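The exercises that follow are meant to be worked with the sequence and the model side by side. Try each task before reading its solution.

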Amino acid sequence: MIGASGRSGRALCAALLEAGVPYVPLVRDVARWRATGLPGVARRLNLTDPPSAVASALQDARRIVSTAHARHVGAIVAAAPPAASLVCLGSTRMFTRWPDAHGMGVAQGQQALLSSGRDGVMLHPTMIYGAQGENNIRRLLGLIRRLPVLPLPSGGRALVQPIFQDDVTRAIMAALGREWQGGHALVIAGGQAVAYHELVALVARHAGLRRRPVLDVPASVLMGLCRVTSRLPGLPRVTPAEIRRLTEDKAFDINPMRAALGFTPRTPDEGLRQFLGASQ
């Protein structure tokens, strides 16, 4: 389990523990792993270490899960035992109209897996929410609490399809239970795409807050303003790149996910009710 002390890694280890599936956590910081309180003797692994060190950490692996950034998949493929199968997390960021280092690294990782001839899959989640320490919905919640109106590019009409952390974990577990022939890539997303202004309304409702009016502001104006507001105390930091990505639809067909993994993920309404209702 590479990246066991991260958000998705911790959630997966807890699910494996509950299912009675043994795992070996591989982490950069062993002390951070111990702080999770989860059982398992961790091995130290830094995927930027020499290939021999990575190979040593993976030498007895039969199934490898990586929740580390997908740019490291090439190193994992090169170091893994020949018979080991892989389940790796990517990101739908690779599909953005404005490629950045994150998205290009995911694309490179996918290519490394698909061209390797190995058995396995790269799962590309949309925006993940509901994990311990996640800041996607938390930042939005912070803005709702502090602002009387919410300025959004195009009035928040672009579509988003966030996926609940429990469904990411369920998808990885299902992928581990499959026998993959060759390399595959699969988008995992929430059960419904909604406009961003609808997501804002759902967050407010399930957090027990008054719905905030949405103000249609050009993305270029917001990108300029966020450079200023990032220095104001009490407001969550939002980058110009994040503002720009709010103008593109991020909606995906989940029928391939249903067919391959055997379940239907929660809609944003269902997931936010569970997440925010439990956190009140």
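**Exercise 1: A loop residue with an uncommon backbone angle**

Ser154 is located in the loop that runs between strand 7 (150–152) and strand 8 (159–160), where helices (H or I, at least four residues) and strands (E, at least two) are DSSP runs numbered from the N terminus. The model is a predicted one, in which local features need pLDDT of at least 70 and side-chain atom pairs count only at pLDDT 80 or more, while totals for chains, interfaces and linings use all residues. Residues are numbered from 1 along each chain as its sequence is written, and side-chain values use heavy atoms, with hydrogens and water left out.

Task: state what phi Ser154 has, and whether Ser154 is buried, partly exposed or exposed.

Solution. Begin with the backbone: Ser154 has a positive phi of about 60 degrees, although it is not a glycine. Then turn to accessibility, for which buried means under 20% relative accessible area, exposed over 50%, and partly exposed in between (1.4 Å probe, protein chains only). With a relative accessible area of 34%, Ser154 is partly exposed.

**Exercise 2: Helix 1 against helix 7**

Task: describe how helix 1 and helix 7 pack, giving the angle and the distance between their axes, and then find which residues meet.

Solution. First, take the axes, which are lines fitted to C-alpha atoms, for helices over the stretch in contact, with angles that run from 0 to 180 degrees between N-to-C directions. The axes of helix 1 and helix 7 are 9 Å apart, and the angle at which the two helices pack is about 60 degrees.

Second, classify the angle: under 35 degrees counts as roughly parallel, over 145 as roughly antiparallel, 65 to 115 as roughly perpendicular and the rest as oblique. Helix 1 and helix 7 are therefore oblique to each other.

Third, list the residues in contact (heavy atoms within 4.5 Å). From helix 1, Ser8, Ala11, Leu12, Ala15, Leu16 and Ala19 meet Gln165, Val168, Thr169, Ile172, Met173 and Leu176 of helix 7. By class, this contact of helix 1 with helix 7 comprises nine nonpolar, three polar and no charged residues, with Ala, Val, Leu, Ile, Met, Phe, Trp, Tyr, Cys and Pro counted as nonpolar, Asp, Glu, Lys and Arg as charged, and the others, Gly among them, as polar.

**Exercise 3: Helix 6 against helix 8**

Task: repeat the analysis for helix 6 and helix 8, and establish how many residues of helix 8 are buried.

Solution. The axes of helix 6 (residues 136–146) and helix 8 (residues 196–206) come within 10 Å and cross at roughly 80 degrees; the two helices are therefore roughly perpendicular to each other. On the helix 6 side, Ile137, Leu140, Leu141 and Ile144 meet Tyr196, Leu199, Val200, Val203 and Ala204 of helix 8. The contact of helix 6 with helix 8 has nine nonpolar residues, no polar and no charged ones.

As for burial, helix 8 is mostly covered, with eight of its eleven residues buried; among them are Leu202 and His206. Just after helix 8, Gly208 takes a positive phi of about 75 degrees.

**Exercise 4: The largest nonpolar core**

Task: find which elements give two or more residues to the largest nonpolar core, and which residues Val87 is in contact with.

Solution. A nonpolar core is a set of buried Ala, Val, Leu, Ile, Met, Phe, Trp, Tyr and Cys residues joined through side-chain atoms within 4.5 Å. The largest has 33 residues, and those with the most contacts inside it are Trp33, Val87, Leu123, Ile172, Ile188 and Leu261. Two or more residues of this core come from each of helix 1 (7–19), strand 4 (85–89), strand 5 (120–125), helix 7 (165–176), strand 10 (183–188) and helix 11 (255–261), and helix 7 gives the most, with six residues. Apart from its neighbours within four places in sequence, Val87 is in contact with Ile64, Val65, Ser66, Val121, Leu123, Ile172, Ala175 and Leu176.

**Exercise 5: Two settings compared**

Task: decide whether Gln110 is buried or exposed, and do likewise for Asp249.

Solution. Gln110 has its place in helix 5 (residues 101–114) and, at 17% relative accessibility, counts as buried. Not counting residues up to four places away in sequence, Gln110 touches Met94, Met122, His124 and Ala185.

Asp249 lies in the loop between helix 10 (240–245) and helix 11, and at 52% relative accessibility Asp249 counts as exposed. Leaving aside neighbours within four places in sequence, Asp249 is in contact with Arg157, Ala158 and Leu159. The C-alpha atoms of Asp249 and Gln161, 88 residues apart along the chain, are separated by 9.1 Å.
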